[in-house]
2 protein chains.
Amino acid sequence: MRYTRVSVDGRPVWGRVGEEDISLLSGSPLEGEPDVIGTVSRATAVWLPPVVPPVFYAVGFNYPRHIEHAGVPTPDRPEVGYRANNALTGHGSPIVKPDEVEGRFEAEPELVAVIGRTVRRATHEEARGSVFGWTIGNDVSARSWQHQDRTFWRSKNSDTFKPMGPWIETDVEALAQTTTLSVNGEVRAAFPTGDMVFDPFDYIVEITRHITLHPGDVLWMGAESTCRIEPGDTVDVEISGIGVLSNPVHPEGNHV
Amino acid sequence: MRYTRVSVDGRPVWGRVGEEDISLLSGSPLEGEPDVIGTVSRATAVWLPPVVPPVFYAVGFNYPRHIEHAGVPTPDRPEVGYRANNALTGHGSPIVKPDEVEGRFEAEPELVAVIGRTVRRATHEEARGSVFGWTIGNDVSARSWQHQDRTFWRSKNSDTFKPMGPWIETDVEALAQTTTLSVNGEVRAAFPTGDMVFDPFDYIVEITRHITLHPGDVLWMGAESTCRIEPGDTVDVEISGIGVLSNPVHPEGNHV
């Protein structure tokens, strides 16, 4: 099943995604079995981030080739960081590059686990059972800010820097897929989605030793490769078996 | 006015706090003017964190004496970090010290600004107008984890490490107050709340250059002094003109 949220008359509504249409739902599939209350066409839908997480977890260095390329030590345990909800934007919405950003402005294609139940002190098996489904994230990053600043506050969390979607796929072997990053239709990077140092379940086991995960929490799993993007580009992140998250890149001037 | 949230039959309900009683409200005062729908006694109320923020911002080194003591450079611009909602707990609820924590386990008494409107590219005056009210936070920290880990994920964000409350005070000159940290009734630290390198409005101006703040977002403002706490202690953070946030410290064993 594929679930997302769309904007209907300016309000967020959950939907179940079909081939042509999206069935609008009376509530969140994370909280029960909602009824169908309407339909919109996929062609005209305004896609929202499929979920707004209570906590937004993100993994840094987690792919061996990324770690080798960066020249950093391989993590010896799964340690997680955070991103911020203001930065979320949906499939089809623009990534806005701030005028002040200089140097490398990059896309990072990531698998995202969406938590489906309250979980603490999970076993590996409970960790598997705690994932409701999988979506796609683009961890857009302004490298000069990332290097200048003490935290990732603006380098990774400026408005529109975290496209997520287009939907949550509940029926996929997410770690057996391929992640592909394309700009204007040209493939810039492709890698096995599951070629991770620690997989999502390792992270869930480690996190929940000290932290309760809740329905709707998301865990972004890092990227093997990145590429530069610029205003005028359209950037697509595809994970086979899940879908394609596509966003145009706009200059800031359009939005002031 | 003082607003908070309390647990009523296991559900969170907004309330307006009076001398003896809490008037239960039909909705959030951040979203309009809710009606009074009931009353509970303050003496028996189960206090919740007064708000669950869309984004939980936190300031690090922000008091000159803290910076001097730590031997770090004074920040030359207001840079913000993040904490996580799972760690929030209400006035009166226990701070649980994990069995694995060794070394210094500390309380950090902080002023918290609660944002009341959607704001982007704020002037200093708009920043002042964007604050709905003020509450109190205790940024509980496990120092050994803080030094061992790449991020603050468990050192500052383990469950119960972020007491916040008891309420949001809307009518106070927050920066003209005194912050006092006490353990078992003994004062361990006291400092002028407003003796900051950058004040909350400086932060709001800087954050909103790149980021939209939303109603309910919170900004924890850092601490001048900290002190050790241990299971069996009761830790009180008082900010004059706002109130007292009091929490007992429990060992983990009580909660497994």
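**Overall fold of chain A and a small sheet in chain B**

Chain A holds four helices and 20 strands, where helices (H or I, at least four residues) and strands (E, at least two) are DSSP runs numbered from the N terminus. With a radius of gyration of 17 Å, close to the 18 Å that the globule rule gives for 256 residues, chain A is as compact as a globular protein of that length; the radius is taken over C-alpha atoms, and the rule is 2.2 Å times the number of residues to the power 0.38. Of its 256 residues, 50% count as buried, meaning that 20 or more other C-beta atoms, placed from the backbone, lie within 10 Å of the residue's own.

This is a predicted model, in which local features need pLDDT of at least 70, side-chain atom pairs count only at pLDDT 80 or more, and totals for chains, interfaces and linings use all residues. Residues are numbered from 1 along each chain as its sequence is written, while chains are lettered from A and ligands numbered from 1 in the order in which they are written. Chain A averages a pLDDT (the predictor's confidence in each residue, from 0 to 100) of 96.

Turning to chain B, an open sheet of three strands follows the order β13-β10-β18, with antiparallel pairing; strands pair if DSSP finds at least two bridges between them. Strands β13 (141-142) and β18 (227-228) of chain B stand at the edges with a single partner strand each, so one side of each lacks a neighbour in the sheet. Two bridges join β10 (residues 105-107) of chain B to β18(B), and E106(B) has R228(B) as its bridge partner there.

How values were computed: Buried ≥ 20, exposed ≤ 12 C-beta atoms within 10 Å, placed from the backbone.
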